[in-house]
Amino acid sequence: MSADIHTTLDCIVVGSGHAGSCAALSARDSGCKRVLIVEKSPPEWVGGNGYFTAGAHRTVHDGLHDLLPVVTNVSADMADKIDLGPYTAEDFTRDIMRLGNGQSDPGVVKALVDGSRDAVQWLSERVRMPFVFSFNRQAYLVNGRQVFWGGLALAVEDGGKGMIAADRAALENAGVETWFDTAAVEILVDGGSVVGLKVSKTGETVILRAPSVVLACGGFEANKALRAQYLGAIGNVRGTPFNTGDGLTLAQRVGARLTGDFAGCHSTCWDANAPDDRGDRVLSNQFTKSGYPLGLMLNARGVRFVDEGEDFRNYTYAKFGREIISQPGGYAFQVWDSTVVPWLRKEEYADDVVEKVWGETVEELAAKLVPKGLEDAEAFVRTIRQYNDAARAYRAEHSDVQWDPAVKDGVSTQSGALKLALPKSNWALPLERPPFLAVKVTCGITFTFGGLAIEPETATVISDESGKPIPGLFCTGELVGGLFYNNYPGGSGLTGDTVFGRKAGREAAKRC
């Protein structure tokens, strides 16, 4: 092994995903002349987990007129047919806190929320991020109008692929270099302050000297042993196989404080036939199966286990995805009738994307699912019959209430005549129009919630011993602890990548 000492770096960023890219670009723009990204993956895996997303960014905004200037897919005529109300700082804060059962760190939440709109503007102007309105994921066409729901409207053209492409182009134009196949081995500290990073570059040890290191290398979701230790279960890895908890280990060795929900993770309903140890760089986010609010989810024993209509999909998918792990066999079946099948997103449920099982009757569908893992066909049929009875009873009592997937319509299974022990609180149409469709799903884990304690305004990592910032050590992205607990409002993660990445980069530049 040879050692090579570099002394001219101003800032080192660990990780080539959206968070690391934002940090590196911010550091470069703020005055750091030589910024280096080190990435342990090969070049073909650039982009971390961000590559596998839809590119959704949740942000505070004042309504349609506020966001129109940053999107590229809306003409003047189209704008007249869009319903998109304001999403306030209070709304964003409330969503994070209610989904996290009030456990989220208020200071970290405030930093994210307050910085969200400026972050989106920066991405649009500085990075030239090709933002679009997410009509296919976050709006329904109702009476000729695109009606947005769930507090989320922005995505990126071509999803995570387009987002990482924009990040990479901006970094190249700014002169930021990336070393691939380079693993961070040790954070170098002198007198309590960061002075560099030891890395292993294609098998050789290299000492990098710099006054600042930004950790942006993800959580531990691709580490099977750590997943078993902290999450108590094993799900499928939705994204990169290279996020194995390195940032946590590196930071702990220099006394960093851990914080947050180490038993929690961002997850989703995921194609049961997808690879179990990594995402697919071609299909990417198409393995997501988010159509459950329009139908039912039953486990291997033929029993429902969640209220599919509890809330909009982007407020429940992380929680429900995780719940699938707890079911027998760690899988479930999503089921619909032909009334709602046309409402399913084609990129998730097209014939060439997912294996579909059809039946002319519920009984036939159940029989066809037995070879796929359904253990109790009779219970499956009974569950759907009981659900249908309850849904029809509600309709009989509330004929004036209309089904509307763009709002929480209150169409439920709970009436004066009949109530289910586990309700479906919204969008509860009976499954009665053949043919019937089922898709087998499991849990796809995107990232873990436990991370490092930071000073919210600077993204500086906190020392466990002193409770004070460790000079020169910053973090962003999935490594930020204390932000999400138990559940997650969709689109918040990529926004957090940008907000805390920019803060880390600006602060690093002050140490150049």
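Two strands count as paired if DSSP finds at least two bridges between them, and in this predicted model that criterion yields an open sheet of seven strands in the order β9-β3-β2-β13-β24-β23-β22, with mixed pairing. The edges of the sheet are held by β9 (177-179) and β22, each of which has a single partner strand, so one side of each is left without a neighbour in the sheet. Strands of a sheet pair through backbone hydrogen bonds, either parallel or antiparallel. Towards the β22 end of the order given above, β23 and β24 (residues 469-475) run in the antiparallel sense and are joined over two bridges; in this part of the sheet T460 stands opposite F474 of β24.

From the sheet we may turn to the charged side chains. Side chains of opposite charge can pair when their charged atoms come close, and the structure holds 30 salt bridges. One of them joins R502 to D118, with the closest N and O atoms 2.9 Å apart. This pair links distant parts of the chain, since R502 belongs to helix α14 (residues 492-509) and D118 to helix α5 (residues 106-127), with their positions 384 residues apart in the numbering. The two partners can be placed by their accessibility: R502 has a relative accessible area of 13% and is therefore buried, whereas D118, at 47%, counts as partly exposed.

Helix α14 also carries K503, which lies there while its partner E457 sits in the loop between β22 (454-455) and β23 (460-462), so that this pair ties together parts that are 46 residues apart in sequence. The closest N and O atoms of the salt bridge between K503 and E457 are 3.2 Å apart. K503 is buried because its relative accessibility is 9%, under the 20% limit that defines the class, while E457, with a relative accessible area of 48%, is partly exposed.

Another salt bridge, between the side chains of R301 and E375, has an N to O distance of 3.9 Å. R301 is found in the loop between β17 (296-299) and α10 (313-325), and E375 in the loop between α12 (362-369) and α13 (377-397), so this pair ties together parts that are 74 residues apart in sequence. Both R301 and E375 are exposed.

A further acidic residue, D66, is placed in helix α2 (residues 64-67). With a relative accessibility of 16%, D66 counts as buried, and, when residues up to four places away in sequence are not counted, D66 touches H61 and R117.

The remaining feature to follow is the largest pocket, which has a volume of about 360 Å³. Of the 23 residues that line this pocket, T53, A54, D158, G159 and N285 are the closest to its centre. Several elements contribute to the lining, and β5 (131-133), α6 (135-138), β8 (154-156), α7 (159-174) and α11 (346-349) each supply at least two residues. Helix α7 provides the largest share of the lining, three residues. Sorted by class, the lining of the largest pocket comprises eight nonpolar, eight polar and seven charged residues.

Terms used
Residues are numbered from 1 along each chain as its sequence is written. This is a predicted model: local features need pLDDT of at least 70, side-chain atom pairs count only at pLDDT 80 or more; totals for chains, interfaces and linings use all residues. Side-chain values use heavy atoms; hydrogens and water are left out. Helices (H or I, at least four residues) and strands (E, at least two) are DSSP runs, numbered from the N terminus. Buried means under 20% relative accessible area, exposed over 50%, partly exposed in between (1.4 Å probe, protein chains only). Contact means heavy atoms within 4.5 Å. A salt bridge is a side-chain nitrogen of Lys or Arg within 4 Å of a carboxyl oxygen of Asp or Glu. On a 1 Å grid over the protein atoms alone, a cavity is a set of points where a 1.4 Å probe fits but cannot get out, and a pocket is an open set with protein on both sides within 12 Å along at least five of seven lines; lining residues have an atom within 4 Å of a point. Grid points are joined across faces, edges and corners, and a volume is the space filled by probe spheres set on the points. Ala, Val, Leu, Ile, Met, Phe, Trp, Tyr, Cys and Pro count as nonpolar, Asp, Glu, Lys and Arg as charged, and the others, Gly among them, as polar.
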